[in-house]
Amino acid sequence: GLLELMDVIVGTEDVERGKPAPDPILEACMQLGVNPREAVYIGDSVYDVQAATAAGAVSVLIGSPRAGVRPHFAVGSLKELIHLLGRLKDCEH
């Protein structure tokens, strides 16, 4: 049922360079017509945080931050993620 919630799916086969390069995020933003600086990228690895940072997107790390990884936000559960996304959405207005 998750595919029904997605407007765009970008895989490594769709871009020249995969993560940690920003290419997948930039491609998804282009397809959606969204400025990367207005995007939130959620991932669970250092490569996700690096790609989001390189793209200029807000990075959210699911799990504990690792040494040398500096996401904008880190959450430990789906409940925390939903709460954070609600707060971020409220900041748009």
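In what order do the three strands of the open sheet stand? I looked this up in a predicted model. The order is 1-2-3, and the pairing is parallel.

**Sheet edges.** I checked which strands lack a second partner. Strand 1 and strand 3 (73–75) are at the edges, and each has a single partner strand, so one side of each has no neighbour in the sheet. I noted the twist as well: from one strand to the next it averages 20°.

**Strands 1 and 2.** I then went through this pair. Strand 1 covers residues 40–43 and strand 2 covers residues 58–62; four bridges join them in the parallel sense. I picked out I42, whose bridge partner in strand 2 is V60. Following the chain, I went from strand 1 through helix 2 (residues 46–55) to strand 2, and this β-α-β crossover is right-handed.

**Helix 2.** I looked at where helix 2 lies. Helix 2 packs on the sheet and touches strand 1 and strand 2. The direction of helix 2 makes about 170° with that of strand 2.

**D48.** I ended with one residue of helix 2, D48. Is D48 buried or exposed? D48 has 5% relative accessibility and counts as buried, because the cut-off for buried is under 20%. Which residues does D48 touch, leaving aside its neighbours within four places in sequence? I found K19, Y41 and G43 in contact with D48. With Y41 there is also a polar contact, side chain to side chain, at 3.4 Å.

Note on methods:
Residues are numbered from 1 along each chain as its sequence is written. This is a predicted model: local features need pLDDT of at least 70, side-chain atom pairs count only at pLDDT 80 or more; totals for chains, interfaces and linings use all residues. Side-chain values use heavy atoms; hydrogens and water are left out. Two strands pair if DSSP finds at least two bridges between them. Helices (H or I, at least four residues) and strands (E, at least two) are DSSP runs, numbered from the N terminus. A crossover is right-handed if, with the strands pointing away from the viewer, the path from the first strand over the helix to the second runs clockwise. Axes are lines fitted to C-alpha atoms, for helices over the stretch in contact, and angles run from 0 to 180 degrees between N-to-C directions. Contact means heavy atoms within 4.5 Å. Buried means under 20% relative accessible area, exposed over 50%, partly exposed in between (1.4 Å probe, protein chains only). A polar contact is a pair of N or O atoms within 3.5 Å; within protein, one must be able to donate a hydrogen and the other to accept it, and residues adjacent in sequence count only if both atoms are side-chain atoms.
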